[in-house]
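Let's take a relaxed walk through a protein model. Have a look at the sequence and the fold first, then read on.

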Amino acid sequence: MGFFSEFKAFAVRGNVVDLAVGLVIGSAFGKIVSSLVADVITPPLGILIGGVDFSNLTLTLREAVGETPAVTINYGVFIQTIISFVIIAFAIFLVVRAINSLKRKEAEAPSAPPAPSKEETLLTEIRDALRERAPQDRP
């Protein structure tokens, strides 16, 4: 098998395509959550803790000198990233929980009883034949 045909077989397998779709959707979902955290959740949270804008929370290690920018640790952005992570993790947990719930319902659904064996079928026919004959034999 040539290199390109092997790569083609790998690339078009269902799992790889599903992974690619999941990655693209996850990336878009990450942007939505980032906006949710930065634009919706963080401002009210900042007001609750005294009007603080998380994105501006920094620890200055060295002040700006002339053209050289200041060296800072942007821990406010880090806090926003942690909030984003928690929201994404919670959303993924809810999705996985829903999928697992559906799988459990499928597993708990009663399956059709197995078909009777040939012996059982033959014995059932004999029993039915005997029941049909029994009233005729009685005086």
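Which strands and which helix each supply at least two residues of the nonpolar patch? They are strand E1 (59-62), strand E2 (71-73) and helix H3 (75-108). Helices (H or I, at least four residues) and strands (E, at least two) are DSSP runs, numbered from the N terminus.

Before going further, some ground rules. This is a predicted model, in which local features need pLDDT of at least 70 and side-chain atom pairs count only at pLDDT 80 or more, while totals for chains, interfaces and linings use all residues. Residues are numbered from 1 along each chain as its sequence is written, and side-chain values use heavy atoms, with hydrogens and water left out.

Now back to that patch. On the surface, Leu 59, Leu 61, Val 71, Ile 73, Tyr 75, Phe 78, Ile 82, Phe 85 and Val 86 form a nonpolar patch with about 880 Å² of accessible area together. To join a patch, a residue needs over 30% relative accessible area and no salt bridge, and nonpolar side chains (Val, Leu, Ile, Met, Phe, Trp, Tyr) are joined within 5 Å. A salt bridge here is a side-chain nitrogen of Lys or Arg within 4 Å of a carboxyl oxygen of Asp or Glu. H3 gives the largest share of the patch, five residues.

H3 itself has 34 residues and reaches 48 Å from its first C-alpha to its last, close to the 50 Å expected at 1.5 Å a residue. That expected span is 1.5 Å times one less than the number of residues.

How covered up are individual residues? Buried means under 20% relative accessible area, exposed over 50%, and partly exposed in between (1.4 Å probe, protein chains only). Here are three examples:

| Residue | Element | Relative accessible area | Class |
|---|---|---|---|
| Leu 61 | strand E1 | 56% | exposed |
| Ser 27 | helix H2 | 40% | partly exposed |
| Gln 80 | helix H3 | 13% | buried |

Gln 80 has company: Gly 76, Ile 83 and Ser 84 in H3 are buried too. Setting aside neighbours within four places in sequence, Gln 80 is in contact (heavy atoms within 4.5 Å) with Val 37, Ala 38, Thr 42, Phe 54 and Ser 55.

Ser 27 offers a sense of distance: its C-alpha atom is separated by 67 Å from that of Ile 126, 99 residues apart along the chain.

Technical notes
Patch = residues over 30% accessible without salt bridge, like charges linked within 9 Å, V, L, I, M, F, W, Y side chains within 5 Å. Areas by Shrake-Rupley, 256 points an atom, 1.4 Å probe, with all protein chains shown as cover.
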